[in-house]
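Thanks for coming, everyone. Please look at the model on the screen while I talk.

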Amino acid sequence: MEPALLNEVPSLDLADFTSGDPEQKKKFVADLGSAFTNIGFVAVKNHGLSDELRIRLYESVQRFFKLPDEQKKKYEHPELFGQRGYIGKGKETAKGFKVADLKEFYHVGQPEPVGTMPANVFPGEFPEFKEYTLEVYKTFENAGKTLLRAIAIYLELPEDYFEDKVKNGDSLLRALHYFPIPNPELVPEGAVRAAPHGDINLITLLMGASAEGLEVLRRDGKWIAITALPDQIVVNVGDMLDRLTNHKLKSTIHQVVNPSREKMGTSRYSIPFFMHPRADMDLKCLESCISAEYPKMYVDMTAGEFLDERLRELGLKK
């Protein structure tokens, strides 16, 4: 029997998992698993990100995006395939779409890169941009590791199953600016702030955006608006976790719709953290998630191979 269709994403408290109370921990794992098998999204509080840090980060991000385009382009490095630094307007197109999203963004990766990972690129004009993005990166990485422990328990894996796979992983903090559109009539047909897509990674952690617009596609084909309370972050399953679990945990299609015409001249800012494993993680479907009822859906692939494939589909890598 299919689980009930939800009109909003479930709300959870990460403190229930870390409290030391076995019953609270068990319930958190069950509720997280239920949400991720149903709609693929949850809203979570007690994630470690303070209001003060969130506000300071947004302020520094807004200062950067208010720079003239020519100044921002100093931090654009096409040879890094959009994995670090600034990525300008019209550069990313959702998989399966022909029109680029109406956005620009900035990527911050591992603070201490290992192996062939590129180093971070930071805007020299705003030293606080580096300070706050790195602090939030580490905060979200810690929260993500805790959530992955809960996911591992739900999947009946060792609790530390993901620990070595995400250590020094390819995670990205993305500062997004959906820029104002002063002349909506000039926007290419079909262009939206973020066309319907699934995320590439294991899980995504998203702090509250500066404006509404995020929508999730429910199983019955209905779009529902996602709103989180100020003390919550939104967490969703990415395609890598979907592949690993043979679609038991669902990477759900979501989008950012354009605002009403009278609000098209305003900005929207959003800061997701894409939790990636290291490139060598094997995404082969877990045997426990394959059965006669649920045959294997995906070909075997490493996280690095999958990321490379998706970057080409997004137009960030040729």
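I'll take the sheet, then the salt bridges, then the cysteines. Keep in mind that this is a predicted model.

Let's start with the sheet. It is open and has eight strands. The order reads S1-S2-S10-S7-S12-S5-S4-S3, and the pairing is mixed. Which strands sit at the edges? They are S1, residues 11-13, and S3, residues 85-87. Each of these two pairs on one side only. From one strand to the next, the twist averages 25°.

Now look at one pair of strands. S4 covers residues 104-108, and S5 covers residues 172-178. They run antiparallel, joined by five bridges. Want a landmark there? Find Tyr106, which stands opposite Ala175 in S5.

Next, two helices that pack on this sheet. One is H3, residues 51-65. H3 touches S3, S4, S5, S7 and S12. Here S7 is residues 203-207, and S12 is residues 268-275. The direction of H3 makes about 115° with that of S12. The other helix is H5, residues 127-154. H5 touches S4, S5, S7, S10 and S12, with S10 spanning 232-237. Its direction makes about 130° with that of S7.

On to charges. As a reminder, side chains of opposite charge can pair when their charged atoms come close. How many salt bridges does the model have? The count comes to 25. I'll show you three of them.

First up is Glu159 with Lys25. Their closest N and O atoms are 3.2 Å apart. Glu159 lies in the loop between H5 and H6 (163-166), while Lys25 is in H2, residues 22-38, so this pair ties together parts that are 134 residues apart in sequence. Are these two buried or exposed? Glu159 has 31% relative accessibility, so it counts as partly exposed. Lys25, at 25%, is partly exposed as well.

Glu159 also meets Arg149 in a salt bridge, at 3.1 Å from N to O. Arg149 is in helix H5, and Glu159 is in the loop between H5 and H6, ten residues away. Arg149 is partly exposed, with a relative accessible area of 27%.

The third pair is Lys72 and Glu104. Their closest N and O atoms are 3.1 Å apart. This one links distant parts of the chain: Lys72 is in helix H4, residues 69-72, and Glu104 is in strand S4, 32 residues apart. How accessible is each partner? Lys72 has a relative accessible area of 1%, so it is buried. Glu104 is buried too, at 0%.

That pair belongs to a network. Salt bridges with shared partners join Asp69, Lys72, Lys89 and Glu104.

Last, the cysteines. How many disulfides are there? Zero. Take Cys285 as a case. Why is it not bonded? The closest cysteine sulfur, in Cys289, is 7.9 Å from its own, and that is too far for a bond. The cut-off for a disulfide is 2.5 Å between the sulfur atoms. From the other side, Cys289 is in no disulfide, and its nearest cysteine sulfur is that of Cys285. Cys285 is buried at 4% relative accessibility. Cys289 is buried as well, with a relative accessible area of 9%.

To recap: an open sheet of eight strands, a count of 25 salt bridges, and zero disulfides. That's all from me.

Key:
Residues numbered from 1 in each chain as written. Predicted model: local features only at pLDDT ≥ 70, side-chain atom pairs only at ≥ 80, totals over all residues. Heavy atoms only, no water. Pairing = 2+ DSSP bridges. Helix = DSSP H or I, 4+ residues; strand = E, 2+ residues; numbered from the N terminus. Axes fitted to C-alpha atoms, helices over the stretch in contact; angles between N-to-C directions. Contact = heavy atoms within 4.5 Å. Salt bridge = Lys/Arg side-chain N within 4 Å of Asp/Glu carboxyl O. Buried < 20%, exposed > 50% of the residue type's maximum accessible area, 1.4 Å probe, protein only.
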